[in-house]
Amino acid sequence: MTPITSKQSCSFFGLFLLLTIASAARSQEEGNPTADQRKIAALMRLTKINVNEKPTLKKVVVRYLKTVEDEADYLSYAKRFKVVESNQRLWKIVFQSKSNDNKVTAIGLLLDQSSPEEMVERIRNSDRPEEILNPIALAGSNRSMEILKRILLIRSLSSTAKNIAVKGLGKQKTGQLFLLNLVKQKKLPTECEFTAANLLLPSEFPEIRATASPLMQLPATAGSTPLPPLSELVKRSGNPANGATIFLKSGTCANCHQVNRTGKEVGPDLSEIGSKLSRQAMYESILNPNAAISHNFENYLVQTIDGLSFAGILINETDQVVTLRTADAVTKEIPKDELDGMRKSPNSLMPSDLQKNFSETDLVDLVEYLMTLKKM
Ligand code: HEC
C-alpha cells in the first residue's frame, strides 16, 4: 500500500491557490502589504503547506511577520509557519511579555525548534536564567520536563533557578518520580529540599507520598514539630496583632527589616509586602529564603588579606572600597587593597531556620500580619 502523502491529499483548490501565491510572491520582491496579508490568510488555512520547503512563500511569510505587532497574533503565525526567523521575536516575548500565556507559547515554540542540549546551554549561559525557566516550568510538556531535569543538576546555576525547576517538575508525575529518585540517591541539591518536600509529601499519588515520607521532612517549629505542607498552611487564617508582635520580638524580623520605619535596614523594606507577595510566596520567603533571593539583596562573602571574612549585602562599591551591610545591621567598609577575594553567596543573608523561634500558630499569625501590609 502506498502511504498518502500530504501532496496527494492537498486539494486542487489548494494547489491552485498555492500556484497563485507563489507566482505573486515571485513577481513582487518588495511586497505589497495588502497582497501579503491575503496570501498569509490563505496560507493560514492551507495548513498542509510547509513554507520552509517553499522559499518564495517563506519570503512572503518572513516579510509579513516583521509587520505584525500584536504578540498574540504573532504567536499564532509563528506557530503555523515555524520559521527560524521568528526565534528572535519569540525570545523577546519570553523575556519581556506581560502575559504568562504568551511567554509559555513562545518558549514552547522555541523548545520545538531546538534540541534539549541547545536549550540547556542557552539557560546555562543566560544572565537571567530564571526568566527562561519560569515559562518552561509552566509549560508542562515532555520537552519542558526534559529540560528541567537537566537544569536541576547543573551545580553552577542559582538556587532560584533550581527551585523553579523543582516546582515545574512537581507538576507532573514523571517529574515527581524524578525528584523522588534524586532524594533516594541523596542527589537532590540541598537548597531544593524544602520545595521538593512540599511537593512530594502531600503528593496526589499515594505511592509517591509513601516513599517520600520516611525520607523527607518539613522544617520544624519551636517544640520540634514539623510544619504541615504549604498547601495546608495557606488555607489558614491568623491573628495579625499577634503576628506584629512576633515580627518585632521573637521572630527577630525587625533586626533586618523595616515596616513603616520601625526596624533595621538590612533586607528589603516590608511596608508594602502584602501587595507584592501571595500568601504562598510569603511562607516561602520566610521558611526557605534561599529559594528566591531578591534582586539587589544578594549576599556577598568577602575575604581580606589578613585572614578576616565578612558576609553582607553589597551596598556600595567604588575603585577604593567595598561596603557591606552585615546581618547585624553593621555597615562595613573594606578597602580594596585589603581584599583577598569576593564572591556572591548562593545563600540569602536571611537565616533559613527562623521558624525555630516560634510555633506554628505564631507563623500563621506572622503571615497574616504581613499580608495586611499593603500599598496605600
Ligand atoms: C539577618 C537578617 C534577616 C532576618 C533576621 C530576617 N530577614 Fe527577611 N530578608 C533578609 C534579606 C537580606 C532579604 C533579601 C534577600 C532574600 O530575598 O533572601 C530578606 C527577604 C525577606 C522577604 C522577601 C522580600 C521581598 O521583597 O520579596 C520577606 C517576606 C522576609 N524577608 C520576611 C522576613 C520575616 C517575616 C522575618 C522574621 C521571621 C525575616 N524576614 C527575618 C534578611 C533578614
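This section describes the overall dimensions, the domains, the sheet and the ligand surroundings of a predicted model.

The chain contains 19 helices and five strands. With a radius of gyration of 27 Å, well over the 21 Å that the globule rule gives for 376 residues, the chain is more spread out than a compact globule. Along the principal axes, the C-alpha atoms of the chain fill a box of roughly 80 × 55 × 45 Å, and buried residues account for 31% of the 376 residues. The domain assignment divides the chain into domain 1 (11-67), domain 2 (114-217), domain 3, which is given as two segments (230-291 + 354-371), and domain 4 (300-344). Taken over C-alpha atoms, the centres of domain 2 and domain 4 are separated by 34 Å.

The five strands of the sheet follow the order 4-3-2-1-5, and this open sheet is built with antiparallel pairing. Its edges are formed by strand 4 (331-335) and strand 5 (339-344), each of which pairs on one side only, while the twist from one strand to the next averages 45 degrees. Strand 2 (residues 309-317) is joined to strand 3 (residues 321-325) by four bridges in the antiparallel sense, and the two strands form a hairpin with three residues between them. Within this pair, E317 has V322 of strand 3 as its bridge partner, and L314 stands opposite L324 of strand 3. Strand 3 also pairs with strand 4, again in the antiparallel sense, but here over five bridges; on this side, the bridge partner of L324 is K332 in strand 4. L324 is thus placed opposite L314 and is also bridged to K332. The hairpin formed by strand 3 and strand 4 has five residues between the strands, and A329 in its turn adopts a positive phi of about 65 degrees.

Around the ligand there are 28 residues, of which C253, C256, G267, S348 and M350 come nearest. Two elements, helix 17 (273-276) and helix 18 (279-287), give two or more residues to this shell, and the largest share, three residues, comes from helix 18. Classified by residue type, the shell around the ligand consists of 19 nonpolar, eight polar and one charged residues.

Key: Residues are numbered from 1 along each chain as its sequence is written. This is a predicted model: local features need pLDDT of at least 70, side-chain atom pairs count only at pLDDT 80 or more; totals for chains, interfaces and linings use all residues. A residue is near a molecule or strand if its C-beta atom, placed from the backbone, lies within 6 Å of it. Ala, Val, Leu, Ile, Met, Phe, Trp, Tyr, Cys and Pro count as nonpolar, Asp, Glu, Lys and Arg as charged, and the others, Gly among them, as polar. Two strands pair if DSSP finds at least two bridges between them. Axes are lines fitted to C-alpha atoms, for helices over the stretch in contact, and angles run from 0 to 180 degrees between N-to-C directions. Domain bounds come from an automatic or database domain assignment. The radius of gyration is taken over C-alpha atoms; the globule rule is 2.2 Å times the number of residues to the power 0.38. A residue is buried if 20 or more other C-beta atoms lie within 10 Å of its own, exposed if 12 or fewer, and partly exposed in between; C-beta atoms are placed from the backbone.
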